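Work through the exercises below with the sequence and the model open. Try each task before reading its solution.

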Amino acid sequence: MFPLGRERMRVCGKGGREGGVYMLEKAIDMLVAQGHSGRRGEILIVGDRFDTDIRAGVQAGIRTCLVESGCHGIGMQRYYPLDRAEFVASSVKELLPP
């Protein structure tokens, strides 16, 4: 990606501008179609990467949860200062009711 710089990149996945808008906005529209209010403070994205899942949630204005059973751990947060995980869980299992 370097030396071209970030402004010349086009990322169409969850962490990119185009992909994040399409994927997250579409998901929120689907929630609304199923009766959810669509209020972003009531929606949570759960993922294992700061640069895709957490970034997409931050860009969409929804809540974020990092699960450490995948790629990234909370210790890597310092490398992604703009992609803040609001919650952290050791695994998805930790998010399920007992």
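The exercises that follow deal with a predicted model, first its sheet and then its nonpolar cores.

**Exercise 1.** State in what order the strands of the sheet lie, and find which strands stand at the edges.

*Solution.*
Step 1. The open sheet is built from 3 strands, placed in the order 1-2-3 with parallel pairing.
Step 2. Strand 1 (44–47) and strand 3 (87–89) each have a single partner strand, so they stand at the edges and one side of each has no neighbour in the sheet.
Step 3. From one strand to the next, the twist averages 20 degrees.

**Exercise 2.** Find how many bridges join strand 2 to strand 3, and which residue stands opposite Val67.

*Solution.*
Step 1. Strand 2 covers residues 63–67, and 3 bridges join it to strand 3.
Step 2. The residue opposite Val67 is Ala89, in strand 3.

**Exercise 3.** Determine which strands helix 2 lies across, and at what angle it runs to strand 2.

*Solution.*
Step 1. Helix 2 lies across strand 1 and strand 2.
Step 2. The angle between helix 2 and strand 2 is about 165 degrees.

**Exercise 4.** List the residues of the largest nonpolar core, and identify the helices that each supply at least two of them.

*Solution.*
Step 1. The largest nonpolar core consists of 7 residues: Leu24, Ile28, Ile43, Ile45, Ala56, Ala60 and Ile62.
Step 2. At least two of these residues come from helix 1 (17–33), and at least two from helix 2 (50–60).
Step 3. Another core, of 5 residues, lies apart from this one; Phe50, Ile54, Tyr80 and Ala85 are among its members.
Step 4. In soluble globular proteins, nonpolar side chains tend to be buried together.

Terms used:
Residues numbered from 1 in each chain as written. Predicted model: local features only at pLDDT ≥ 70, side-chain atom pairs only at ≥ 80, totals over all residues. Heavy atoms only, no water. Core = buried A, V, L, I, M, F, W, Y, C linked by side-chain atoms within 4.5 Å. Buried < 20%, exposed > 50% of the residue type's maximum accessible area, 1.4 Å probe, protein only. Helix = DSSP H or I, 4+ residues; strand = E, 2+ residues; numbered from the N terminus. Pairing = 2+ DSSP bridges. Axes fitted to C-alpha atoms, helices over the stretch in contact; angles between N-to-C directions. Contact = heavy atoms within 4.5 Å.
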